[in-house]
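Trainee: Got a minute to go through a model with me? I'd like to start with the overall fold and then pick one element.

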Amino acid sequence: MKIKIYGAGSIGNHLTQAARRMGWHVTVVDTDPKALERMKNDIYPTRYGKWDDSIELCIAGTEKRGGFDIIMIGTPPHVRTAVALEALKEKPKAIILEKPVSFPFDPKLKTLVSRLKSSRTLAFVGYDHAVAKSIERVADILKSGVIGDALTLDVEFREHWEGIFKAHPWLSGPQDSYLGYWKRGGGASGEHSHALHLALYLSRVAKIGAWKDVRAKFQHVKKGKLDYDAIASFAFDTDKSKTGRVIQDVVTKPTRKWARIQGSNGFVEWVCNGHPSGDVVRYAGADSVIAEEIIEKKRPDDFHAEMLHLDAVLKKKIKPAASPLAFASGVEVLRILERARKAR
Ligand SMILES: NC(=O)c1ccc[n+]([C@@H]2O[C@H](COP(=O)([O-])OP(=O)(O)OC[C@H]3O[C@@H](n4cnc5c(N)ncnc54)[C@H](O)[C@@H]3O)[C@@H](O)[C@H]2O)c1
C-alpha cells in the first residue's frame, strides 16, 4: 500500500508511524520545510525511538500525484477541504480527513460532499477513538443487551490544552494556530470534537434514538484577534424521548475523557487512559455486579487500530457506510457545531 500524508505535524507523525507499522510505504508532504525537518530530526525520533529512512518527505508542490492507495489529510482544519478536493482528483482508493473534517460554515465542504457522491474514492474521518479496542468492547457490551434499554448517554473530553502546546513547542500559544479561532475549527468545540463524534456513534450502537434537538452553550475567550470557546457543552434529546449530554473543554486538569451509558438494567462506562496501562471499561447488568476490564494501549496503538480498521474496510471485511469513521459521521459533527453557532 502506498500512502500520502499531508501535514508533517503532530498528527502527521502519528499517522506515518501507524502506517509504517502496517508495513505501508509513506510519503509526507508539508508546505513548511521547517515542519519536515522537525518531523525527521525531532518529533518522530523522540516519539518512536528513531527516524525511519523509508519515509519520503516532500515540500508541497513537488510531491508525486497519482498512484497512492490512501491519502490522509493532517493539515489544520481550515485548509483541509481544499487539500481534500485536490487529493480526490488523484483517484486514490480512500481519503481520510483528520478531525474536525473542516471548520464551521466552510463553503468548500458542500462541494466535497457532492464530489464524493460521484467518486469511487471512499472517505473517512480520523476520529480514532471510535475504533479503539476499548470502544469496540463498549460496543460489544451494548450490543449484548446486558445493560437493558439505553436511558441516557454522557461523553466528556475535557483536557487542558497545555498538553497540545507541549507537543508544539514552536507555538507560543493558541493565537499562533487554528486552535485559538473557532471559525478555523479550533477551540474546545473543534479540537475536542472526538466527544461529539463518540456520543453520536455510541447513540447509534446503544439505539438511544436519533438526535433531534441539540442545545449548546459555549464559554468564549476573546482577546484581540483570539476568539475560541474554552468550554462547549451540548444537551440533546432523541426521537425516542431520551436525553444525553456532551462536554468538551480545554481547561480541565487532569484530563478526563469519559463516556457512560445508563441502561434500564445496568450501565457501561469507558475511561480513556483510566489505568496506567490503558483504557478502562466498567459495566454491570441486572445483578449489579460491576465488572472492570483494562484494555492495554499506548497512544500510538489508537492510530494503529485506525489503520487496521481502514485496511479491513478496503479489504471489504467491513462495509464503508458501517464504519464508525465514515465521512458522513464527521460531517454530522460539523453540522451540529454550525446549528449551535447559528442558534446563538
Ligand atoms: N485524531 C487525533 O487524535 C488527532 C491528534 C492530533 C491532531 N489532530 C488533528 O490534526 C490536525 C492537525 O493538527 P496537528 O497538531 O498535527 O497540527 P500541526 O500544526 O502540528 O501540523 C499541521 C501541519 O500541516 C501543515 N500544512 C498546512 N497547510 C498545508 C497544506 N496545504 N499542505 C500540506 N501541509 C500543510 C503545516 O505546515 C503543519 O506542519 C488538527 O485538525 C487536529 O485536530 C487529530
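Mentor: Sure, let's take the whole chain and then helix 2, keeping in mind that this is a predicted model.

Trainee: How many helices and strands are there in the protein chain?

Mentor: The count is ten helices and 14 strands. The radius of gyration is 20 Å, close to the 20 Å from the globule rule for 344 residues, so the chain is as compact as a globular protein of that length.

Trainee: And what does the C-alpha trace span along its principal axes?

Mentor: About 60 × 45 × 45 Å.

Trainee: What share of the residues count as buried?

Mentor: Of the 344 residues, 44% do. As for contacts between residues at least 6 apart in sequence, 70% join residues at least 24 apart.

Trainee: OK, switching to helix 2. Which residues does it cover, and how far does it reach?

Mentor: Helix 2 takes in residues 33-48, which is 16 residues, and goes 21 Å from its first C-alpha to its last. That's close to the 22 Å expected at 1.5 Å a residue.

Trainee: Where does helix 2 bend?

Mentor: At M39, by about 50 degrees. M39 is also buried, along with I43 and Y44.

Trainee: What covers those buried residues of helix 2?

Mentor: The cover includes helix 1 (10-21), plus strand 2 (25-30) and strand 3 (56-59).

Trainee: Last one: what follows helix 2?

Mentor: G49 does, and its phi is positive, near 100 degrees.

Note on methods: Residues numbered from 1 in each chain as written. Predicted model: local features only at pLDDT ≥ 70, side-chain atom pairs only at ≥ 80, totals over all residues. Helix = DSSP H or I, 4+ residues; strand = E, 2+ residues; numbered from the N terminus. Rg over C-alpha atoms; globule rule 2.2 N^0.38 Å. Buried ≥ 20, exposed ≤ 12 C-beta atoms within 10 Å, placed from the backbone. Contact = placed C-beta atoms within 7 Å. Expected span 1.5 Å × (residues − 1). Bend = angle between axes of the 7 residues up to and from the residue.
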